[in-house]
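Trainee: I have a model open and some questions about it. Can we go through them one at a time?

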Amino acid sequence: LLNADGYTRWMNSVEFPSNGSIFSFTPGKLGSPKTDLFNSTINGYKYFTDGLGKTDDLHTFFADPANVAKRGSFRPGSANHRQYNLKFPLVGGSPSLVFQYAAVASWVQPDKTLSGDPSVLDIPGDFPTSANEQEPFALSIADTSTLTYGVVGAGDIHLGLEVYDWGALQGLAGVPNEIHQIVVEGDPAIVPGGMVALDKATLAAMAKPGSSIISSVFQVDILNATPTSNQDLSLLITIESESPDTFDPGTGAVANSDRLASYFLHPVPVAIPGPGKIKVLTPNGGEKVWEAMTYPITWEPGESGFANVMIEWSTDNFVSDIRTIVASTPNNGSYLWKPVPVAATTTAKVRITAVGGTEFDVSNNNFQIALPVWLDLQPEIKVDNGTVSWNSSWAYQPSYPSISPAIEQDTDGMVHVCFYDPGPGASDDASIRSSNGTSWMGCANIFGSSSGPYRYDSAKMAPSSNGLGWLAVIPTFGSFYCTDADRMFGGPGFYTFDGPSINVSQGKFAELA
């Protein structure tokens, strides 16, 4: 039934077996007679009452107080029509017409004294409120959800539920007093936790007046839903009655523990990102981003006209690990991430959000943050006086004013870069610039200008066995000048010079024992 007004358990053929009573399921003579073909316990219904047209909406109909005053009555001798939009399965290319139906009504003896004139039967005034069924009979939904396919945590579900319940006529507390809880269920792969339940106290606190004296409005918000396709998200909304607290089918069997309830299906629309939306370009998945270095984050700014964006990153799809890269930067499509944090991970993503807007995009897939590796360095070794050849002489070489290829990261997270630096008024020098993953420190000279020029193009760096950084600057004839790069962190002058020079065999780097 594609246009159900709601769903009910009453008169399903499973829970209401044929036992000869008025409560048994009696197959409609126009339906398929074999009731064993049907196994569902919740089925769609259409609501009938005097004055309700065949295609009228219940919410619109009961917004009129004159219609509410009729209490959903169906007078004897009257005729009412409702349109059913039915979808049948195709068998061999033709619809297979297998269906059943049931008519369900509530009725009690009238009491002519209720309306004040016992000589006149007043319909519906002489019928007690118990003549109306006790569970909610209609639900109108104001849907302001913001779901978009293709983005993790792509939006939220916002439903304004206007619940109609004839039980509200029985007391001053209205609809909130009639409801035990409201449960909204959906695919757990899309809806966090698979469901949300609002108990009686929560409903009473949030209830707002509806469009009718028999309705109240309740707000349901489900955040960070992730659609798995662009198809509508189907939600089952269960509204449980406060009283009675069991569902008794009236067949003589022991009532089960389920509460009397009404059920409603609601399709939440899922949007597809269209032109004019923010779109992450890099890193968008599969990249390797180096710790403590810089990386260009790029995106398509879209056509919405907002001036700035916020950029964040996460290792868990922005569920709980959400870290800000920049709170606001011009929406010009590019931002230099510097330095990339020292936080090795294979599940990183970035999210770019319009400042003051709702548009955003997230990396399609994970990228990696890792230690930078640009040089194929051999493992370090420990040396002492017995394995090192010491020299005290070396020759000058012409200067080479360019950047050295030497770069290294220690196991403690420090990053060092060595380069050739002929400073103002000084001879050629070799310098180190260091970073702790948060910021780059100023340059620190390794050797003063009196030490002479060094082969900047042959400088190498490697971690020592204790995790600290060691630098080898190569002069003319193969002697290595060696220093502890970690001592550079504090700025110029904070270094040690371990020996006049060190010759190391097999191209390995040495740490003095």
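Mentor: Start with the surface of this predicted model. The accessible surface of the protein chain comes to about 25,800 Å². Carbon and sulfur atoms account for 54% of that area.

Trainee: How many helices and strands does the protein chain have?

Mentor: Helices count as runs of at least four residues, strands as runs of at least two. By that rule the protein chain has three helices and 32 strands.

Trainee: What percentage of the residues in the protein chain is buried?

Mentor: Buried means under 20% relative accessible area. The protein chain has 513 residues, and the buried share of them is 41%.

Trainee: Among contacts between residues at least 6 apart in sequence, what percentage joins residues at least 24 apart?

Mentor: A contact needs heavy atoms within 4.5 Å. Take the contacts in the protein chain between residues at least 6 apart in sequence. The share that joins residues at least 24 apart is 65%.

Trainee: Which residues form a nonpolar patch with Leu1 on the surface?

Mentor: Leu1 sits in the segment before β1 (6-8). Leu1 counts as partly exposed because its relative accessibility is 31%. The patch has about 260 Å² of accessible area together, and the partners of Leu1 in it are Tyr84 and Leu86.

Trainee: How many salt bridges are there?

Mentor: Side chains of opposite charge can pair when their charged atoms come close. The cut-off used here is 4 Å, from a side-chain nitrogen of Lys or Arg to a carboxyl oxygen of Asp or Glu. By this rule the count is seven.

Trainee: Which residue meets Asp5 in a salt bridge at 2.9 Å?

Mentor: The distance runs from N to O between the two side chains, and the partner of Asp5 is Arg82. Asp5 belongs to the segment before β1, and its partner to the loop between α2 (65-68) and β3 (90-91), 77 residues apart. Both ends are buried, because Asp5 has a relative accessible area of 15% and its partner has 8%. So the buried partner is Arg82.

Trainee: Which residue is linked with Asp5 and Arg82 in a network of salt bridges?

Mentor: The network links three residues. Besides Asp5 and Arg82, the member is Lys46.

Trainee: What is the distance between the closest N and O atoms of Glu242 and Lys200?

Mentor: Glu242 forms a salt bridge with Lys200. Glu242 lies in the loop between β12 (233-241) and β13 (261-268) and Lys200 in helix α3 (residues 200-206), so the pair ties together parts 42 residues apart in sequence. Glu242 is partly exposed at 27%, and Lys200 is partly exposed at 27%. Their closest N and O atoms are apart by 3.9 Å.

Trainee: Is Asp321 buried or exposed?

Mentor: Asp321 forms a salt bridge with Arg323, with the closest N and O atoms 2.8 Å apart. Arg323 counts as partly exposed, at 34% relative accessibility. Asp321 has a relative accessible area of 17%, so it counts as buried.

Trainee: Which side chain makes a polar contact with the side chain of Ser215?

Mentor: Ser215 is in strand β11 (residues 215-225). Ser215 is buried because its relative accessible area is 4%. Its side chain reaches the backbone nitrogen of Ser211 at 3.3 Å. The side-chain partner, at 2.7 Å, is Glu162.

Terms used:
Residues numbered from 1 in each chain as written. Predicted model: local features only at pLDDT ≥ 70, side-chain atom pairs only at ≥ 80, totals over all residues. Heavy atoms only, no water. Patch = residues over 30% accessible without salt bridge, like charges linked within 9 Å, V, L, I, M, F, W, Y side chains within 5 Å. Areas by Shrake-Rupley, 256 points an atom, 1.4 Å probe, with all protein chains shown as cover. Buried < 20%, exposed > 50% of the residue type's maximum accessible area, 1.4 Å probe, protein only. Polar contact = N/O pair within 3.5 Å; in protein donor to acceptor, adjacent residues only side chain to side chain.
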